[in-house]
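Colleague: Please pick one spot in this model and look at it closely. Then work outwards from there, step by step, and keep it brisk.

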Amino acid sequence: MNISGKTSVIGLIGNPVEHTLSPVIHNGLGERLNIPSVYVPFLVEKEGLSAAVKGAYALHIKGLNVTVPHKNDVMDSLVEIDEAAAAIGAVNTLVRCEEKGGYKGYNTDMSGLRRQMKEDGISLKGETVVILGAGGAAKAVAYMCLIEGVAKIYLLNRTVEKAGEIAGKLDPEGKVIVPMALADYGKLLEGLEKWIVFQATSIGLAPHIDQVVIEDGSFYDRVKIGVDLIYNPAETKFMKLVAAHGGKAFNALKMLLYQGIIAYELWHDMTVPEDVAAEIYTELRRQVYPKDNIVLIGYMGSGKTTFGKALAKHFDMDFLDTDGYIERQAGKKISEIFAEEGEEAFRKLETEALTGLRDSLQHTVVATGGGMPLRPENARLLREIGRVCYLTAAPQVIYERVKEDGNRPLLKGEDPYGTICRMMKQREPMYRRAADVAVDANCDSIEEMLERLIPAVGVE
Ligand code: ATR
């Protein structure tokens, strides 16, 4: 990171802040968008909150996120509060407001969830919604449901009084929100309608991944869409039950992504492009769901299979080559897929295969087809599968390795060496962008390549 006199500071105040994922989002955005900003977590204790906000303003800090335990109390230190944040009673983003000489507070948790729902194609208008829980998160969900025009909200909580409080504040006339005790969920089963359910309790969070507030299958028979506000584990017990009973299940990692992106957009008065958001989402997934696979990319003949197998043997890992995997899945050769169904169909199969591998593969060295990382979507999936290592080799070395191979249709033309040079030059930046590390593979000795690869692939 290049810090200069023009670098602006953004950050997070909370206690604790050590485990925050927000730097991944904001520093990642700054880097990709070429905006000179740096995001720093600040530990702020309760007694220091108001001084911290004042001091931040004096230091010309452009904006701050606010996390536990300050989301309510910070409101006393602001010059203005956005309407939604005021209604929810929680602020997670402070935006510098020069005219008023302080910060304005927003709640991007709520708008982040709203953007996630839009992206996942879920519309709330006219729906019946069940919210499990009545803490801060449940309140933000209830507010979002109200502004999206749901028909009814059943707000279920172990402590029914807390559900009643939220209903009283957000829907004082009692037209939409029905507060209920969690234990009374059976009453909901008397009707026939299907619901969208938000799981907004802390139950099911890692490491207590086998817990869920309602176990009863007849409840889940009525869930058409279930959104868990927990994102770790990736699939909570609640989500498993929703899916097992035929509903669509989502976690809320995208809400985390979008609450950050919306904050960044407010701070910098701009819109983050979708492809950049997708890249940041990949980086978040890598942090939250780390995988111990090694992915080798590079041009044909760069040694992905040969060195990959040796690497797998060395670390006692499994080995998989994606082309072979796709052929087994499709029940035919890649050349046949191309001939019969066309390139587009093959690329679709690649993406499907990578999505499956992303969710299942462990402790495996993966050798990829040479063209695989060229599609941004596939490059992102590869990064989610594991640490991506680019094997670089000179065109001359590649040519020597592959010239006798009759199975390479690309080399059957008039000037195979020229073709290799052209294609490698074109692909080089895409390989670099997809990779965590590049290793020089201009070397035919397996032992020597292992010596180069072992320190690069990050296995402990
Ligand atoms: P957040 O701000 O993330 O919403 P919170 O305000 O602490 O967190 O809320 C936690 C929610 O999980 C509450 O709805 C809580 O229910 P209570 O209000 O009855 O405490 C719910 N919760 C926590 N432990 C629970 C348990 N063992 N069974 C049922 N609900 C539980």
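Modeller: Start with one residue pair. Val129 has Ile153 of β8 as its bridge partner. Bear in mind that this is a predicted model. The strands involved are β7, residues 128-132, and β8, residues 152-157. Five bridges link β7 to β8, and the pairing is parallel. In general, strands in a sheet are held together by backbone hydrogen bonds, in either a parallel or an antiparallel sense.

Now widen the view. β7 and β8 belong to an open sheet of six strands. Read across, the order is β9-β8-β7-β10-β11-β12, and the pairing is parallel. The edge strands are β9 (177-181) and β12 (248-250). Each has a single partner strand, so one side of each lacks a neighbour in the sheet. From one strand to the next, the twist averages 20°.

Helices pack on this sheet. Helix α6, residues 160-170, touches β8 and β9. Its direction makes about 170° with that of β9. Angles over 145 degrees count as roughly antiparallel, so α6 is roughly antiparallel to β9. Helix α8, residues 237-244, lies across four strands: β7, β10 (195-199), β11 (223-228) and β12. Against β11, α8 runs at about 165°. By that cut-off, α8 is therefore roughly antiparallel to β11.

Further along the chain, look at strand β16, residues 386-392. Six of its seven residues are buried, so the rest of the structure largely encloses β16. β16 pairs with two strands named here. Five bridges join β16 to β13, residues 293-297, and the two run parallel. In that pair, Leu296 stands opposite Cys389 of β16. Four bridges join β16 to β17, residues 437-440, again running parallel. There, Leu391 stands opposite Val439 of β17.

Next comes a helix pair. α10 covers residues 274-288, and α15 covers residues 376-385. Their axes come within 9 Å and cross at roughly 15°. α10 and α15 are therefore roughly parallel to each other. The crossing of α10 past α15 is right-handed. On the α10 side, the contact is made by Asp275, Ala278, Glu279, Thr282, Glu283, Arg285 and Arg286. On the α15 side, Arg380, Arg383 and Glu384 take part. Sort these contact residues by type and you get one nonpolar, one polar and eight charged.

One arginine is worth a stop here. Arg358 sits in helix α14, residues 343-360. Is Arg358 buried or exposed? Arg358 has a relative accessible area of 13%, and under 20% counts as buried, so Arg358 is buried. Leaving aside residues up to four places away in sequence, Arg358 touches Arg285, Lys291, Leu381, Glu384 and Ile385. Among these, Arg285 and Glu384 also take part in the contact between α10 and α15.

Finally, the whole chain. The secondary structure comes to 18 helices and 17 strands. Along the principal axes, the C-alpha atoms fill a box of roughly 80 × 60 × 35 Å. Of the 460 residues, 52% are buried. Take the contacts between residues at least 6 apart in sequence: 73% of them join residues at least 24 apart.

Conventions
Residues numbered from 1 in each chain as written. Predicted model: local features only at pLDDT ≥ 70, side-chain atom pairs only at ≥ 80, totals over all residues. Heavy atoms only, no water. Axes fitted to C-alpha atoms, helices over the stretch in contact; angles between N-to-C directions. Parallel < 35°, antiparallel > 145°, perpendicular 65-115°, else oblique. Left-handed = near helix turned anticlockwise from the far one by under 90°. Contact = heavy atoms within 4.5 Å. Nonpolar A, V, L, I, M, F, W, Y, C, P; charged D, E, K, R; others polar. Buried < 20%, exposed > 50% of the residue type's maximum accessible area, 1.4 Å probe, protein only. Pairing = 2+ DSSP bridges.
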